[in-house]
Amino acid sequence: MRVTQSMLSNNMLRNLNSSYGKMSNYQNMLTSGRKFNKPSEDPVAAVVGMGYRVDLGKNEQYQRNLSTANSWLDSTDAAFNEVGSALTRVKELIVQAANDTNGKERQKINAEMKQIKESLRDVGNTQIAGNYIFSGTHVDQPLYTDKISPQNPAITTLGKEKNIEIDVFDGIRMSVNTPGAELFGELDDFMAHVIATLDDDTKTSDEVSAALGLQVTDGGGATIPALDSIHEKTLKLQADVGARQNRVEMMGNRLKIGEEHATKQMSLNEDTEYPETITNMVTQESIHQAALSVGAKIIQQTLVDFIR
C-alpha cells in the first residue's frame, strides 16, 4: 500500500487530538479531584457511586430521626423527674398534715398541694417542637385544657395510648413517646382526693391518715400505698425511657460507623490519586511533545512555508 503525505498528515492530526484529549482528562481529574466527571467515562463506577450516595442520604435522614427521638426521650425523662420530685414532696406534706392538729397549718399545706396538682397538669402538657408528648397520637392536643376539669375530651381513648414510631435504620422503627394519659389521670385523681380530704377542717389527724392510707412502718417510715404505687409506675416508665435512650445512643454510633464506611468506599471509588494522576499527566505531556517533534520532521514543507 502506498503511504501518501496526506495519510501521514491525517494520522498525525488524529494522534495529536487523541493526545490532547488524554491531557484534558488528566487536567480535569486534577482540577475536580475525581476519577471521572461524566457517568459515560466509567459507567460501572458511576452506578456504584450512586449506591453509596443513596446509603449516605438514608444515613443522614436516620441521624436526623435519631435527633428527633433524643429530643422526645430527653423531654420525657425530664418530665418524669419533675413528677418524681413532686410525689416526694406530696408524701412529705401528707405526713406533715397527718401529724398536725392545727387546722390553719393544714390549710397552708393544702394550698401547696393545689399548686403541685396544677404543676403536675403542666407537666402532662409538656411540648417538644409544638407536639404534646403525653397525648399519644393526638400530638396537636394538650392532655389538659385547664387546671380544673378532667383530661381533654378531644383526646380519644384509642389515640391517647398509641405510640409514635420513627424509622431509625433499615427495617427498624422505634417508639419515641410515652403515652401518659393513664399515669397523669391517676395522679390527678389522687391529688384531688388529697385536696378534698385536707379541705375538711373537721377531720382529725387519725382520720386524715386513714383517708389518705398513711401507714407507719416498723422502722418509723411512712408508706402511702396509692401514692407509692403511682411513684413506682412513674419509675418504671422512666426506666423504659432510659433504656430507649441507651438504644438511640448505640444506634447513633452504628450510623456514624456506617457513614464513615460509605464515605471511605465512595472516596476509593471516585476520588483520584493525585500522585498517580500527576505522573500520568507529565508522561502524557512528554509523549505529546515527542509526537509534535516527530510530526514536524515527517510533514513535508509546502509552498505556503516558502511564502513566509
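Here are some short exercises on this predicted model, each with a worked solution.

**Exercise 1. The largest pocket**

Find out how much space the largest pocket holds and which residues are closest to its centre.

*Solution.* Start with the volume: the largest pocket contains about 210 Å³ of space. Next, turn to its lining, which is made of 14 residues; Asp-55, Asn-59, Phe-169, Asp-170 and Gly-258 are the closest to the centre. Then ask which helices take part: α2 (43–98) and α6 (225–270) each contribute at least two lining residues. Finally, sort the lining of this pocket by class, and you get six nonpolar, three polar and five charged residues.

**Exercise 2. The largest nonpolar core**

Work out which residues of the largest nonpolar core touch the most other members, and which element gives the largest share.

*Solution.* The core has 51 residues, and those touching the most other members are Val-90, Ile-94, Met-113, Phe-184, Leu-187 and Phe-190. Now trace the elements behind this core: two or more residues come from each of α2, α3 (103–124), β3 (165–169), β4 (172–175), α4 (181–199), α5 (205–212) and α6. The largest share belongs to α2, with 15 residues.

Pick out Phe-184 for a closer look. Setting aside neighbours within four places in sequence, Phe-184 has contacts that include Val-83, Leu-120, Val-123 and Phe-134. Leu-143, Tyr-144 and Gln-151 are also among the contacts of Phe-184.

**Exercise 3. The cavity**

Decide how many cavities of 30 Å³ or more there are, and list the residues that line the largest cavity.

*Solution.* The count gives one cavity of 30 Å³ or more. The space in the largest cavity comes to about 40 Å³. Its lining consists of Lys-117, Leu-120, Arg-121, Tyr-144, Phe-184, Leu-187 and Asp-188. Two helices, α3 and α4, each supply at least two of these lining residues. By class, the lining of the largest cavity holds four nonpolar and three charged residues, with no polar ones. You have met two of these names before: Phe-184 and Leu-187 are among the core residues that touch the most other members.

**Exercise 4. Leu-143 and Ser-175**

For each of these residues, say whether it is buried or exposed, then describe its surroundings.

*Solution.* Begin with Leu-143, which sits in the loop between β2 (131–132) and β3. Leu-143 is buried because its relative accessibility is 0%, under the 20% cut-off. Beyond four places in sequence, the contacts of Leu-143 include Gly-124, Phe-134, Ile-155, Ala-181 and Phe-184. Along the chain, Pro-153 is ten residues from Leu-143, and their C-alpha atoms are 8.9 Å apart.

Move on to Ser-175, located in strand β4. A relative accessible area of 15% is under 20%, so Ser-175 is buried too. The Ser-175 side chain reaches the backbone oxygen of Asn-177 at 3.4 Å. Not counting residues up to four places away in sequence, Ser-175 touches Asn-163, Ile-164, Glu-165 and Arg-244.

**Exercise 5. A backbone angle to check**

Find what stands out in the phi of Ala-129, and then place this residue in the structure.

*Solution.* First, recall that most residues other than glycine have a negative phi. Ala-129 is not a glycine, yet its phi is positive, about 55°. This residue, Ala-129, belongs to the loop between β1 (127–128) and β2. Its relative accessible area is 74%, over the 50% cut-off, so Ala-129 counts as exposed.

Conventions
Residues are numbered from 1 along each chain as its sequence is written. This is a predicted model: local features need pLDDT of at least 70, side-chain atom pairs count only at pLDDT 80 or more; totals for chains, interfaces and linings use all residues. Side-chain values use heavy atoms; hydrogens and water are left out. On a 1 Å grid over the protein atoms alone, a cavity is a set of points where a 1.4 Å probe fits but cannot get out, and a pocket is an open set with protein on both sides within 12 Å along at least five of seven lines; lining residues have an atom within 4 Å of a point. Grid points are joined across faces, edges and corners, and a volume is the space filled by probe spheres set on the points. Helices (H or I, at least four residues) and strands (E, at least two) are DSSP runs, numbered from the N terminus. Ala, Val, Leu, Ile, Met, Phe, Trp, Tyr, Cys and Pro count as nonpolar, Asp, Glu, Lys and Arg as charged, and the others, Gly among them, as polar. A nonpolar core is a set of buried Ala, Val, Leu, Ile, Met, Phe, Trp, Tyr and Cys residues joined through side-chain atoms within 4.5 Å. Buried means under 20% relative accessible area, exposed over 50%, partly exposed in between (1.4 Å probe, protein chains only). Contact means heavy atoms within 4.5 Å. A polar contact is a pair of N or O atoms within 3.5 Å; within protein, one must be able to donate a hydrogen and the other to accept it, and residues adjacent in sequence count only if both atoms are side-chain atoms.
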